[in-house]
Every structure is written in C-alpha cells, then in structure tokens.
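Welcome! Take a look at the sequence and the 3D structure below, and then let us walk through a few of its parts together.

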Amino acid sequence: MKRQFPKYYRLLILFVCTVFIAFTGQVALAQYNYRWGNQHRQQVEMIVGGDFVVTMNDAQPVIKNGAVAINNGKIVAVDTQDKILAAYRASKRLPGEGKVLMPGLVNGHSHTAMVLFRGLADDLSLQDWLQNYIFPAEGQFVNENFIRVGETLACWEMISGGTTTFVDMYFKPDVAARVVERCGLRAVIAPSSIDFPSPGFRGWDDAFAAAVDFVKRWKGRNPRIIPALAPHAPYTVSPEHLTQAIQAARQYDVPLTIHLAETQTEVQDIQQRYNATPVQHLENLSFLESRVFAAHVVWPNESEIELMAKRGVGVIHNPDSNLKLASGFAPVPAMVQAGIQVGLGTDGAASNNDLDMWEAIRLTALIHKGKTLDPTTLPAKTVLRMATLGGAEALGLADKIGAIKVGLQADLIQVDLTSAHLTPLYDVISHLVYAAKAQDVDTVIVDGQVLMSERRVFTVNTEQIRREAIRIGEQIQAELRPSN
C-alpha cells in the first residue's frame, strides 16, 4: 500500500491536470469563438422578435420564431430568430415570446384633434351633424391650444392602438406637425381648405394660401411628416378651387386628399350642380391621378370604379364612420377587384367615436360579407393588408412603410398573444383580423424608435394631456350645453 499510494496519487494529479488543461482550452476556444463571432456579426441598433413575424411581404409572408434587425431607423434583415442572432448583434433587444411582430397600422383618414369633440353630437345625419353642430363648434373652439391638446391626445390613443402612420385632414397644421415631431409618429398632414369661413380664415383664398405655405415650409423638413393639400369635398369647394388645388399639388409634388362620394345627398347635389357624379366631376376637372387619395367613396358606380383604378386614385374606407352616420356601404370588394389601392381609416373621433384601427379592420372583414351574402368576401389576409401595406400604397408611401421588408422604415408593432380571447391559436392572421384588440398592442416602434413598450407610452405625458383635455371638454360643455 505504501508503494501503491504514490503511484495512485501521481495518476490522480495527472488526471486533474489533464482535465484542467482541457477545460482551460475549451474556455479559451469559447472566448476565441465568441470574439470571432462578435467580430463577424454585424452591429445593429436593435433586434426585435416575434413568435410570428407577419411581414405583408409575399416573398416570406409569415415567419415562425422570427426576428428583425434594425439600424438607422430601417429594416436591414428579416429572418428566423436563429439566423438573425447568428448574423447580427445589437445594443437593444426586444424579445418576442408570446407576441406577433407586424407592420404598424396605417390610418388613412382622420381629423385627429376632433377627439376633443368625441361624443359631442351623435345619432345624426352627416349634413345635420356637420352644419348644425361640428362647423359651429369648430368656429367657436378650434385654436392653437385646442389643436395642440387634441393632437397630443390623439397621438396617445393611436400609439396605444398600434397606429404608426396617420393622415390628419384638419386645421392649424404647424401645431399638429410639431406635436407629431414630439410624439414620434409618422403623419401625412393635410390642412383642410374650404370655400366658406373656417377656424382662422375668411374663406378659400386665405385658407388655401396658408395650406400652400405650410407645404412649402414643411416639405423635406422632417422625414416622418409629409405635408399635403386637402380641398374638403366637391360639394364644399368650387370647380375653380379644385383645379387650383390639384395644380398646386403637382407644382409642389405633394399628395392630395379629399372627401368623395360620401353620401347619396352629395351625389344628388353634384349631379344637380354640374350634371355629373362626384367622381366624374373630378375627372372632368382633370383632377384624378395617382397622387390623389379619396376618403369614403361610398357611392361610386361601376364606371367610376374603373376610372379610379385607371387613374391610380387611392381610396380610404372608413367603415365605423360610414355606419354611424348611415352613409351606406362602400363597394370595397368591387374596388379591390378592380385594382384600386384601398386602405382603411377611422375618420375623426367625433363621428366614430375613436381612432381604433382594429375596430375598422374587424368591421371591414365582417360588413361586406353580410352585404354580399358571401362569407368568402374580403378574407382576413386581404383586410389586414388594407390596414398596412394597402394603406401605404393608397397614400403613395409603399416605398417607405407598410411591410416588414429590407430597406423599408422600421415602423413595427408587437401584439401580445397571451390574452384569453387570443387563445388557442390556429391561424395568426385570422386572430389579428377577427379577435385582436387595440389593448393587445404591447410595443410600438417608428423609424426604429420605441414609442411604447409593455403598454407604457414614452413620448406623451399622458396624465398632463388627460387633464388638459378634460378642461377643454368642460369648457365646451359649459358654453354649448348640448341637449341630451
């Protein structure tokens, strides 16, 4: 035993040394591989994941366990999470367990500051609502502070619901643009011009001059803010002024939006005045072209649908507002079939009464099935596309937003899938269209900047703006005292 112990001891020492050398070698190799891997992985600003990545890109429509690499506000890679993490490293990561990653929603038609008139006048026809309630209230209360508070309140609501781009057709565009700069959203800001007095203006001439001045000052100033022109509607703007508006849009190369064929009353009015339907009236003025996107378009005939498709006019469908004001059912299936780029919008919160794009998505998918008596009408994928890439196409922004695709801006949202109403899951697109709600949006990113995470909005002082909005509402209530 005395002679065997030293031998055993020596073997034990040899074994320990061998294990130690092997271990340190593995550690050194791991450190080398880590350094080599980091050196050969591209540095990006952010990696965002999702159990499902719904891209709106036909080349890779839905990626399970996917991720997106973002740098300088743009999407630089889209793939499975394993491949993204193998090729990229980021200073910030947003995990995607239990979430869908998808493009942000595009609200193609709103009057955002009108959130301060939410519930002021309900259950009325469009003309009664406008002429006897909204126009007088705007004349009395709309000023710069009203727009600042209303626009900020609307941004809070839209960020909370996953809208990343919106169209604002309203007044005081400089105030609205500054709010959008602060809140971080992307917006087409189109100051409304009309032939009769409006807040701050005597009529068309000064209102339109101010709109053109806004376009000249803001074009190219901020990539998230696209200035545009917005003659209100064919029944509120003369042919001469409509022609002036489209010529200015061409001159300054900006979009133009307009309410069009919204009600049967409008169709009858334009027919009596100009012996043409609203769409044909604009065609007679050489108004229709691809820079134009029209809101509502509830009452076009078949030839007008073909004409809009031929001219490349975008259409924004507003199902909530059209239903509430009993304007009718827009022939959206026929417009989509004709090749018109159709997006979705909420309209203003005074006629909706919210800025909830998920509600617009679900209504669009449902009401046209009921109207056509065909459950295959406007399937879920088509409607979700209308709320994202379709809206971007209608606005002329599909080269920037609307899909998760390399080279586009990183305007993305994560939708939480863990709620009861989203469990279990068989088809992610079906859930997004028929079951998801605004409250399921967890994260909002615009231009690569996180505006909301875990439902906390970072770019709006929500408590302050709520207090200010309540004060304005109390003032309106006290001065107008609308009957209940």
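## An open sheet

Two strands are said to pair if DSSP finds at least two bridges between them. Keep in mind as you read that this is a predicted model. With that in hand, look for the open sheet formed by four strands, which follow one another in the order β12-β13-β14-β15 with parallel pairing. At the edges lie β12 (256-260) and β15 (342-344), and each of these pairs on one side only. On average, neighbouring strands of this sheet are turned by 30° against each other, direction ignored.

Which strand does β13 pair with over three bridges? Strand β13 (residues 292-296) does so with β14 (residues 314-317), in the parallel sense. To find your way around this pair, start at F293, which stands opposite G314 in β14.

## Two helices that cross

Two packed helices are described by the angle between their axes and the distance between the axes. Try this on helix α4 (residues 144-160) and helix α17 (residues 462-480): their axes come within 10 Å and cross at roughly 130°. Why is α4 called oblique to α17? An angle over 145 degrees would count as roughly antiparallel and one from 65 to 115 as roughly perpendicular, and the crossing at roughly 130° therefore makes α4 oblique to α17. The crossing in which α4 passes α17 is left-handed.

Now zoom in on the side where the helices meet. From α4, the residues taking part are N145, F146, R148, V149, T152, L153 and W156. They meet T462, I465, R466, E468, A469, I472 and I476 in α17.

## Two residues in loops

Is H232 buried or exposed? H232 sits in the loop between β11 (230-231) and α7 (239-252). Its relative accessibility is 8%, and since buried means under 20%, H232 counts as buried. Leaving aside residues up to four places away in sequence, H232 touches M169, S192, S193, I194, V237, I258 and H259.

For S419, go to the loop between β16 (412-416) and α16 (428-434). S419 counts as partly exposed because its relative accessibility is 24%, and that label covers values between the 20% and 50% cut-offs. The side chain of S419 is joined to that of D440 by a polar contact of 3.5 Å. You can also look for A436, 17 residues from S419 along the chain: the C-alpha atoms of these two residues are separated by 9.4 Å.

Note on methods:
Residues numbered from 1 in each chain as written. Predicted model: local features only at pLDDT ≥ 70, side-chain atom pairs only at ≥ 80, totals over all residues. Heavy atoms only, no water. Buried < 20%, exposed > 50% of the residue type's maximum accessible area, 1.4 Å probe, protein only. Polar contact = N/O pair within 3.5 Å; in protein donor to acceptor, adjacent residues only side chain to side chain. Contact = heavy atoms within 4.5 Å. Axes fitted to C-alpha atoms, helices over the stretch in contact; angles between N-to-C directions. Parallel < 35°, antiparallel > 145°, perpendicular 65-115°, else oblique. Left-handed = near helix turned anticlockwise from the far one by under 90°.
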